[in-house]
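Got the viewer open? Let's take a short walk, one selection at a time.

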Amino acid sequence: MKKLWLTVLIASLVAVLAACGGDKADDAKDKDDQDETKLVVGASPNPHEELLEFVKPQLEEQGIDLEIETYTEFAMANKDLASGDLDANFYQHIQFFENQKKEYGYDFANAGEIHMEPIGIYSKRHKTLDDLPEGATILLSSSVSDHGRMLALLEEKGLITLKDGVNKSEATLEDIEDNPKNFEFDDSTSPEMLVQMYENDEGDAVLINSNFALDHDINPREEAIALENEDSPYVNIVAVRTEDENNEAVKALVEALRSDETKEFMLEQWNGSVVPAK
């Protein structure tokens, strides 16, 4: 009887100690979870998602768990940021960002300029801009926020002239002053579909942003017959709600994306098709 009682006592003590040990382990795990900051960022697939994956280990060292949500329908990334489903997003250039704020009343802030993706002029039919014939059809994005940028590129390359005094970032087709070869401009295609138009040999030339080209394994440096200059003001940014502009995790993200290590990766990975912001 004494042996049985002793056995029960020992078993009870072991159970209590195990429970205490388990509680301590759970407490330690809970503390680790509390010490870690979660940062949810929306991004387009290429190059934004890839850049975020690159800096993820850097942020982990600082106790920041970076969760990346990938978007192909770009308007949703701003809607989800506004609703609080995202802490930040990384996919848009400054002019698109400003237009979205104006159109939808978003209370957003630019947390940092990261890189630029030059727009290219592509053609299956012609090898140089000089080869573009009289009356050639030029395909542009249907996104109004792209028009000024694309028209400024065409002017920069000597294909058209815009009216004096026009704000080039806001230029429209009606602002073309001189069109010496009488080009026809078609702006009915959504930005993400322009690559398909190029690959299907639609139009004499197609203007495509580098992120869409890269998504389809097109190397802008090799395939474009002309590229936007690297000092373009159309820089891609990290966007946040204004209330989170000084969030420490967001600041750490921007710092990691601007680090020398990330800049080096950017230049090596995309060979000048994605360039660090100046």
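Start by selecting Thr 37 and Ile 64: Ile 64, in strand E2, is the bridge partner of Thr 37. Keep in mind as you click around that this is a predicted model.

Now widen the selection to strands E1 and E2 (residues 64–70). The two run parallel and are joined by 7 bridges. Next, pick strand E3 (residues 88–93), which also pairs with E1 in the parallel sense, over 3 bridges. To see a point of contact, click Ala 43 and look across to Phe 90 in E3, which stands opposite.

How buried is E1? Colour it by accessibility: 5 of its 7 residues are buried, so the rest of the structure largely encloses this strand.

Time to zoom out to the sheet. It is open, has 6 strands with mixed pairing, and reads E2-E1-E3-E12-E4-E13 in order. Which strands stand at the edges? Select E2 and E13 (275–276): each has a single partner strand, so one side of each is left without a neighbour in the sheet.

Then step back to Glu 36, in the loop between helix H1 (2–35) and strand E1 (37–43). Buried or exposed? Neither, quite: Glu 36 counts as partly exposed because its relative accessibility is 41%.

Last stop: keep Glu 36 selected and add Glu 60, Glu 61, Asp 260, Glu 261, Glu 264 and Glu 268. Together they form a negative surface patch. Show helix H10 (residues 260–270) too, as it supplies the largest share of that patch, 4 residues.

Key
Residues are numbered from 1 along each chain as its sequence is written. This is a predicted model: local features need pLDDT of at least 70, side-chain atom pairs count only at pLDDT 80 or more; totals for chains, interfaces and linings use all residues. Side-chain values use heavy atoms; hydrogens and water are left out. Patches are made of residues with over 30% relative accessible area and no salt bridge: like charges are joined within 9 Å, nonpolar side chains (Val, Leu, Ile, Met, Phe, Trp, Tyr) within 5 Å. Accessible areas come from the Shrake-Rupley method with a 1.4 Å probe; for residues, only the protein chains shown count as cover. A salt bridge is a side-chain nitrogen of Lys or Arg within 4 Å of a carboxyl oxygen of Asp or Glu. Lys and Arg count as positive and Asp and Glu as negative; His and the chain ends are not counted. The place of a charge is taken as NZ of Lys, CZ of Arg, CG of Asp or CD of Glu. Buried means under 20% relative accessible area, exposed over 50%, partly exposed in between (1.4 Å probe, protein chains only). Two strands pair if DSSP finds at least two bridges between them.
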